[in-house]
Amino acid sequence: MFMKERHDQIGGAKNALVYPGGSSTRWFDNVLEEAGIHDAVWYTFRHTTASRLVMRGVHIAVVQKVMGHRTLRMTFRYAHLAAGHLLAAVEKVVPERRPFFGE
């Protein structure tokens, strides 16, 4: 995991994140390997999180705060919708077809 260190201890920015063991992604790579997950990167899970929140009806501004994005534009970049959700949205616009009298 990571820990916060003071500026004078690490020679970097104040409250910079420091990852023990050298690489900032080594722990993540190990977790993926142990779980048998291939072709995934950290951002894979960020995209999934944002998309699932939006598809479950969480307001985009709330998703922005959860994700820590400064702009909604960045949040929209992460929040991809599944095809089924897009179809459901279109079906809300198109009224249900009702049979004509005598059909």
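**Fold, core and surface of the predicted model**

The protein chain has six helices and two strands. This is a predicted model, and everything below is read from it. Going along the sequence, the elements come in the order β-α-β-α-α-α-α-α.

Some overall numbers help to set the scene. The protein chain has 103 residues, and 15% of them count as buried. About 8,800 Å² of the protein chain is exposed, with carbon and sulfur atoms supplying 59% of that area. As for how the chain meets itself, take the contacts between residues at least 6 apart in sequence: 25% of these join residues at least 24 apart.

Now for the inside. In soluble globular proteins, nonpolar side chains tend to be buried together. Here, the largest nonpolar core is made up of six residues, namely Ala50, Ile60, Val63, Met67, Tyr78 and Ala79. Helix H4, which covers residues 60–67, gives the most to this core, putting in three residues. Ala79, itself a core member, touches Ala50, Ser51, Val54 and Ile60 once residues up to four places away in sequence are set aside.

Ser51 is worth a look of its own. This serine sits in helix H3 and has a relative accessibility of 7%, so it counts as buried, the cut-off being under 20%. Setting aside neighbours within four places in sequence, Ser51 is in contact with Tyr78, Ala79 and His80. With Tyr78 there is a polar link as well: the side chain of Ser51 reaches the backbone oxygen of Tyr78 at 3.4 Å. Tyr78 and Ala79 both appear in the list of core residues, and Ser51 touches the two of them.

On the outside, Val41, Trp42 and Tyr43 form a nonpolar surface patch, and together they have about 330 Å² of accessible area. Tyr43 belongs to helix H3. Its relative accessible area is 46%, so Tyr43 is classed as partly exposed, a label that covers values between 20% and 50%.

Asp39 lies in the loop that runs between helix H2 (26–35) and helix H3 (42–55). The relative accessible area of Asp39 is 83%, so this aspartate counts as exposed, for which the cut-off is over 50%. The backbone of Asp39 also has something to show: phi is near 60°, a positive value in a residue other than glycine.

Definitions and conventions:
Residues are numbered from 1 along each chain as its sequence is written. This is a predicted model: local features need pLDDT of at least 70, side-chain atom pairs count only at pLDDT 80 or more; totals for chains, interfaces and linings use all residues. Side-chain values use heavy atoms; hydrogens and water are left out. Helices (H or I, at least four residues) and strands (E, at least two) are DSSP runs, numbered from the N terminus. Buried means under 20% relative accessible area, exposed over 50%, partly exposed in between (1.4 Å probe, protein chains only). Contact means heavy atoms within 4.5 Å. Accessible areas come from the Shrake-Rupley method with a 1.4 Å probe; for residues, only the protein chains shown count as cover. A nonpolar core is a set of buried Ala, Val, Leu, Ile, Met, Phe, Trp, Tyr and Cys residues joined through side-chain atoms within 4.5 Å. Patches are made of residues with over 30% relative accessible area and no salt bridge: like charges are joined within 9 Å, nonpolar side chains (Val, Leu, Ile, Met, Phe, Trp, Tyr) within 5 Å. A salt bridge is a side-chain nitrogen of Lys or Arg within 4 Å of a carboxyl oxygen of Asp or Glu. A polar contact is a pair of N or O atoms within 3.5 Å; within protein, one must be able to donate a hydrogen and the other to accept it, and residues adjacent in sequence count only if both atoms are side-chain atoms.
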